[in-house]
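Biologist: I would like to go through this model with you and ask how each label was earned. Shall we look at it together?

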Amino acid sequence: MTAGRSATACATDAPPPPETGAANLWQAWRLRIRRRALIARAIRKRRELRRLTDRTAAIGKGAILCAMVVRNEAARLPYFLDHHRRLGVDHFLIVDNASHDGTAALLRDQPDISLWSTAASYRRSRFGLDWLNWILLRHGHGHWCLVLDADELLVYPYHDTRPLPALTGWLDSQGLPAMPAMMLELYPEGRLGEGSYRPGEDPTALLPWFDSGNYVAQIQPRLQSLWIQGGPRARAFFADEPRRAPTLNKLPLVKWHWRYAWLNSTHSLLPARLNRVWDDAGERTSGVLLHTKFLPEVLEKSAEEKTRRQHFADPARFGPYYDGLLSAPVLKCPQSQRYRGWRQLEALGLMSRGGWI
Amino acid sequence: MSLGFVMLCHTALDRAAQVARHWAERGCPVVIHVDKSTPADRYEGMRAALADLENIRFSPRHVCEWGTWGIVAATQEASAIMLRDFADVRHVCLVSGSCLPLRPVGELRDWLDARPRTDFIESVTTADVGWTVGGLNAERFTLRFPFSWRKNRMLFDLYVEAQRRMRVRRKLPAGLVPHLGSQWWCLTRQTLSAILESPDRAEYDRYFHRVWIPDESYFQSLVRMVSANVESRSLTLSKFDYQGKPHVFYDDHLQLLRRSDCFIARKIWPHADKLYGTFLHPDAASQPRAEPNPGKIDRLFARAVERRTAGRAGLYMQSRFPNREWVNGRTAAPYSVFEGFAELFEGFDTWLSKVAGTRAHGHLFAPERVEFAGGAQFYNGSLCDSASLRDYNPRGFLTSLIWNTRGERQCFQFGPRDSQKIAPFIAGDPHAQISVITGAFAVPLFQSNRNFGEIRAEAARLQRIESEFLTILRAPEVKARVRIWKLAEFVESPMEPLQMIVDEISPRSLRRLTEVPRLTNLTGFGQFLQNLRNQGMKPELMGDFPVGGDLPNPGGRRPRPYLVK
């Protein structure tokens, strides 16, 4: 940059001046302390977990793991497991948070699932992150780990022809420790809550629509992550308070190290360098999480969430959001796009192959 | 005459064994070298699996660390075994354990039989090499590299730097001209034995022992001294990414690999069952095939490099977020911004979309709502008309809109009433064409039915905002194409600027404007400005309007002749 340009930076929307080295060091130190505290907390919180089935001895070298916390997901899990097994997940590590719809029974007898259960507060375990941090610390070290919710289905470039080991091999060869996958919210044709979903069906049949280009991103300098918001929930429920709209960036695939810790859901990790999954000129490889929240059961679930107050740091402020959801709105608009596979998402610029051929 | 393969492998030995068996069963002897760091049980497993084939040999094992001498030593030794044990071999092909034959080996043999004296080895002088990554080109041959790049990167770098500082240069063996090229070659017995049995071999070996990545230069350089007929290309299809790492081929590359018409490809993903199944199938189809032509599939690889290093212009997403100072590719496509036109002309946007064949929006940044073309509530990509969502991240809003409408030029109105946060961004964007009629904001006020005190206050406010916008547009580092007229000046001859703007938007339809938007009635506007002055405001952006007199009549003036270039 020439001196002349920086002198009149205000007119070209230039970045804020970089922080000094000392401030950076201080910042890094504070994040380090925070990370250690999170790990200590995760170790403490392991007492809340009760082991139901432990098949972790079967995890081989180089196995790809999938860790998650579930609650009353008996309907979604059959397809979820099916989809991710097909992608090449070798073992699932699942924490069941007091389900009462038979989720535990469904999971207990599957040969590639290790199951824990807990009745402790989801909110007070930092929305399940403490449990996940512990399980990954204990079993995830050195493995590529997927960390998902039961309503998320991972798709990535070539996922229909190349299983996860091909992807992780590529990421390894590029020296990348994580791959981002933005949440893409799928919604139905009509009002929310209409129709019925049978376990095992492909949810994209009931939820074929998505928003293709109303996302905004900003850099969070402290964590080096991109904060992405937008999509149908932002326009339908948060038009007056866009800052509160759901965060959509996620880092579901990480080559885990026991010293890592999830900071804010699976949106950001510590150490912060892991969040730097974006490039400031070219494109890196990324995927998409198809978010199937809006299956018909969303109405009952939201009603329960609203009263349980286990989601969001400040549940009271999200009352209008729940009320909006419970009024069963139509999310589809004339510009909605119908989901047709990863090539479509890549062409739309929602994900990228990067340099992977 | 026969063809022999020297195979270097270190992982996925089952795949290597499968390929070796394929060749051996078809009469091509194979000498296999397995990296010494591969666990012994796997090595023994591979030996056992191939024990039934009498034309397979295993050569003594060396540690093959990337970029070091071990790979060359392994190649030398294995090649010597090949030449010693299989007397009827004429061409020796060096392959890796992750190579896969794309065409039946008979075809390769026939093809080589037709070229019995040719050595196929990529061999390029260091001056002409464009592919090496990291800047070590000529220095590979003039410096020493005792430290491992993989394990001791710091020592490696320090030692290179120290040698540069001290200007240490190695002396090349007499007659040796350094050449570089792909590691995978196919040489004739004559050439290969001449290299291996050269009286000076000890000297060359000593020299190359300390050369950086000797496997890409040892044979490539020496072949130039002994061979009369070098064809500088590799028979092995192998593609590298922008960091110099080899691309891996997967099942979905089947057609791509077929199309290349090459004989051998690397690297193949070990779990690519379909590729191995298809190309190693006993009756792998042998249609009439063309000459090997890896160039046919180059475009795909070039595109991948471009996507990885430059990305798609104007795309902001989870794995690409261009720097704010990045000037090129701020947005995906050219667009036009009009300030003051909609105020001065009636039905300007309808007219514009008609003559220029573009999408003309209203005030996208209006304070009440986003005025998409046609008053739509949702626009491409499900962008919605909420002003607060737009103002939350105006830059994201605009870049999304331009990205979502690629292929169709966007035009929108802008003005001092609008949210101004986007102004610096469009001013710095080479894709923006900004046309401003300054002071036109006063026209709606002039026509409004409001108290004069209010009008005066509003006029002063808008004038201040527009002045700030003009300051941004007049800054020296502005990248947008900016045109500014004063209202009075524009009203005098509106045709010429309009023609210019329309030509720029749709350069292909160079024709005279036949239809002009209707200028709003400005009779009495001069008096209106005078009234503002009398109330103590200073309207300065509008230019000089005569107070009482008639406006210059645009229709009455003969427009200056318009030149078609």
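Modeller: Gladly! Let's begin with a term: a salt bridge is a side-chain nitrogen of Lys or Arg within 4 Å of a carboxyl oxygen of Asp or Glu. Keep in mind that this is a predicted model.

Biologist: Then what makes A:Arg76 and A:Glu73 a salt bridge?

Modeller: The closest N and O atoms of A:Arg76 and A:Glu73 are 3.1 Å apart. The cut-off is 4 Å, so the pair qualifies.

Biologist: And why is A:Arg76 called buried?

Modeller: Buried means under 20% relative accessible area. A:Arg76 has 6%, so the label fits. Its partner A:Glu73 comes to 11% and therefore counts as buried too. These two also belong to a network, in which salt bridges that share partners join A:Glu73, A:Arg76, A:Glu297 and A:Lys301.

Biologist: Why is A:Arg244 called partly exposed?

Modeller: Partly exposed lies between the 20% and 50% limits. A:Arg244 has a relative accessible area of 24%, so it belongs there. A:Glu241, its salt-bridge partner at 3.4 Å, N to O, is at 38% and therefore partly exposed as well.

Biologist: Now to chain B. How do you know that B:Arg369 and B:Asp385 form a salt bridge?

Modeller: Their closest N and O atoms are 3.1 Å apart, and the limit is 4 Å, so they pass. B:Arg369 lies in the loop between strand E15 (359–363) and E16, and B:Asp385 in the loop between E17 and H15, so the pair ties together parts that are 16 residues apart in sequence.

Biologist: Are those two partners buried or partly exposed?

Modeller: One of each: B:Arg369, at 31%, is partly exposed, whereas B:Asp385, at 15%, is buried because the cut-off is 20%.

Biologist: What makes A:Ser212 buried, and what is it in contact with?

Modeller: Its relative accessible area is 6%, and under 20% means buried, so the label holds. A:Ser212 is found in the loop between strands E9 and E10 of chain A. Leaving aside neighbours within four places in sequence, its contacts include A:Gln337, B:Gly381 and B:Ser382.

Biologist: How many residues of chain B are in contact with chain A?

Modeller: On the chain B side there are 56, in contact with 71 residues of chain A. The two chains bury about 5,100 Å² between them, 52% of it on carbon and sulfur atoms. In chain B, B:Gln318, B:Phe321 and B:Tyr392 lose the most area to chain A.

Biologist: And what makes A:Asp279 and B:Arg308 a salt bridge?

Modeller: Their side chains meet at 3.1 Å, N to O, and the limit is 4 Å, so this pair qualifies. The count between chain B and chain A is three salt bridges.

Key:
Residues are numbered from 1 along each chain as its sequence is written. Chains are lettered from A and ligands numbered from 1 in the order in which they are written. This is a predicted model: local features need pLDDT of at least 70, side-chain atom pairs count only at pLDDT 80 or more; totals for chains, interfaces and linings use all residues. Side-chain values use heavy atoms; hydrogens and water are left out. Contact means heavy atoms within 4.5 Å. Buried area is the accessible area (1.4 Å probe) that two parts lose on being put together, summed over both. Helices (H or I, at least four residues) and strands (E, at least two) are DSSP runs, numbered from the N terminus. Buried means under 20% relative accessible area, exposed over 50%, partly exposed in between (1.4 Å probe, protein chains only).
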